[in-house]
Amino acid sequence: MKRSEINQHIDWAIETCEKCRFSLPSFARWSPQEWEKRGKETIHMTTVMQGWDVTDYNSDDFDRVGAVLFTLRNGSIYDSSKGTPYCEKLIIMKAGQKLPLHFHYAKTEDIINRAGGTLCVRVYNSTSEETGYQLDRSSDVHLRLDGIEKVIGAGDFVEIRNGDSITLTPYIYHEFWAKAEDGDLVIGEVSSINDDTKDNHFVNDMRLPKIKEDEPARYPLCNGYVQK
């Protein structure tokens, strides 16, 4: 992706949150210069990777497959003295935009429709490590919707309305999208500590290309912090 596109997508995400009356913390608007000026004040924040992320998941088509993410708080799986024992994120998606199939090895998460349109979530179980973590296209998926036990057929999806949520435990494959006809979407994620470097297993290869620096960054990305 180009840096100019990343800047535009974050501007759009901030505007979408404002329209939905979801207030972002002040550091969401800090420039790279502000982060640098604050120096050691931000060591904790950069260690647990609070802040923005933007990805098209290697699709080269952000409006179809992609998301803007913002980590409000997080901890460290390596040092319990850092951060919180849980993570909270926002995932801001355009109408019709999709986040691709993946599961987590360790993380349990509540995915919450905070505001905007309708969240659609498709699920599968995973096969064993010995069989390569394939999509299990036959067994039902057992999960909870706002604490209520549900059984979902393999590959079926559920619609999550404003304020409602779905709980996803390790090894449940999931993809989700903003229902096209219902508009843009602000999704909340409350989970155990998040570690994007080791805990995500995607169906397709997710090695992302480097950013094309065609203009200065207006906001730093959380996976690009220089540790002080």
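## Side-chain contacts in a predicted model

Let's start with Arg 144, which is partly exposed, having a relative accessible area of 32%. On the scale used here, buried is under 20% relative accessible area, exposed is over 50%, and partly exposed is in between (1.4 Å probe, protein chains only). Keep in mind that this is a predicted model, where local features need pLDDT of at least 70, side-chain atom pairs count only at pLDDT 80 or more, and totals for chains, interfaces and linings use all residues. Residues are numbered from 1 along each chain as its sequence is written, and side-chain values use heavy atoms, with hydrogens and water left out.

Where does Arg 144 sit? You'll find Arg 144 in strand E8 (residues 141-145); strands (E, at least two residues) and helices (H or I, at least four) are DSSP runs, numbered from the N terminus. Leaving aside residues up to four places away in sequence, Arg 144 touches Glu 149, Ser 165, Ile 166 and Thr 167, where contact means heavy atoms within 4.5 Å. The C-alpha atoms of Arg 144 and Ile 112 are separated by 12 Å, and the two residues are 32 apart along the chain.

### Salt bridges

On to the charged pairs. Side chains of opposite charge can pair when their charged atoms come close. The cut-off for a salt bridge is a side-chain nitrogen of Lys or Arg within 4 Å of a carboxyl oxygen of Asp or Glu. By this rule the structure has 19 salt bridges, and the table shows three of them, including the one between Arg 3 and Glu 213.

| Salt bridge | Closest N and O atoms |
|---|---|
| Arg 3 with Glu 213 | 2.8 Å |
| Lys 19 with Glu 15 | 3.4 Å |
| Glu 18 with Arg 29 | 3.0 Å |

Arg 3 and Glu 213 form a salt bridge. Arg 3 belongs to helix H1 (residues 3-19) and Glu 213 to the segment after strand E14 (200-202), so this pair ties together parts that are 210 residues apart in sequence. Arg 3 is buried, at a relative accessible area of 10%, whereas Glu 213 counts as exposed at 54%.

Lys 19 and Glu 15 both lie in helix H1, four residues apart, which is about one turn of the helix. Lys 19 is exposed with a relative accessible area of 64%, and Glu 15 counts as partly exposed at 39%.

What does the salt bridge between Glu 18 and Arg 29 link? That pair links distant parts of the chain, with Glu 18 in helix H1 and Arg 29 in the loop between H1 and helix H2 (32-38), 11 residues apart. Arg 29 counts as partly exposed, at 41% relative accessibility. There is a network, too: salt bridges that share partners join Glu 159, Arg 161, Lys 179 and Asp 182.

### Aromatic rings

A pair of aromatic rings is described by the distance of the centres and the angle of the planes. Here, rings of Phe, Tyr and Trp (its six-membered ring) pair if their centres lie within 6.5 Å; planes under 30 degrees apart count as stacked, over 60 as edge-to-face and the rest as tilted. The structure has 14 aromatic pairs. One of them is Phe 27 with Trp 35, an edge-to-face pair at 6.2 Å centre to centre and 90 degrees between the planes. Phe 27 is buried at 9% relative accessible area, and Trp 35 counts as buried at 6%.

Phe 103 and Tyr 133 also pair edge-to-face, at 5.3 Å centre to centre with 70 degrees between the planes. This pair links distant parts of the chain: Phe 103 is in strand E4 (residues 98-104) and Tyr 133 is in the loop between strand E6 (119-126) and strand E7 (135-136), 30 residues apart. Buried is the word for both Phe 103 and Tyr 133.

Which residues gather into one aromatic cluster with Phe 27? They are Trp 30, Trp 35, Trp 52 and Phe 70.

Lysines join in as well. The charged end of Lys 94 sits over the ring of Trp 12, 5.5 Å from its centre (the rule asks for NZ of Lys or CZ of Arg within 6 Å of the ring centre and within 35 degrees of the ring normal). The charged end of Lys 98 sits over the ring of Trp 177, 5.1 Å from its centre.

### Cysteines

How many disulfides does the structure hold? Zero, taking a disulfide as a pair of cysteine sulfur atoms within 2.5 Å. For Cys 87, the nearest cysteine sulfur is that of Cys 222, 9.6 Å away. Cys 87 counts as buried at 0% relative accessibility, and Cys 222 counts as buried at 9%.
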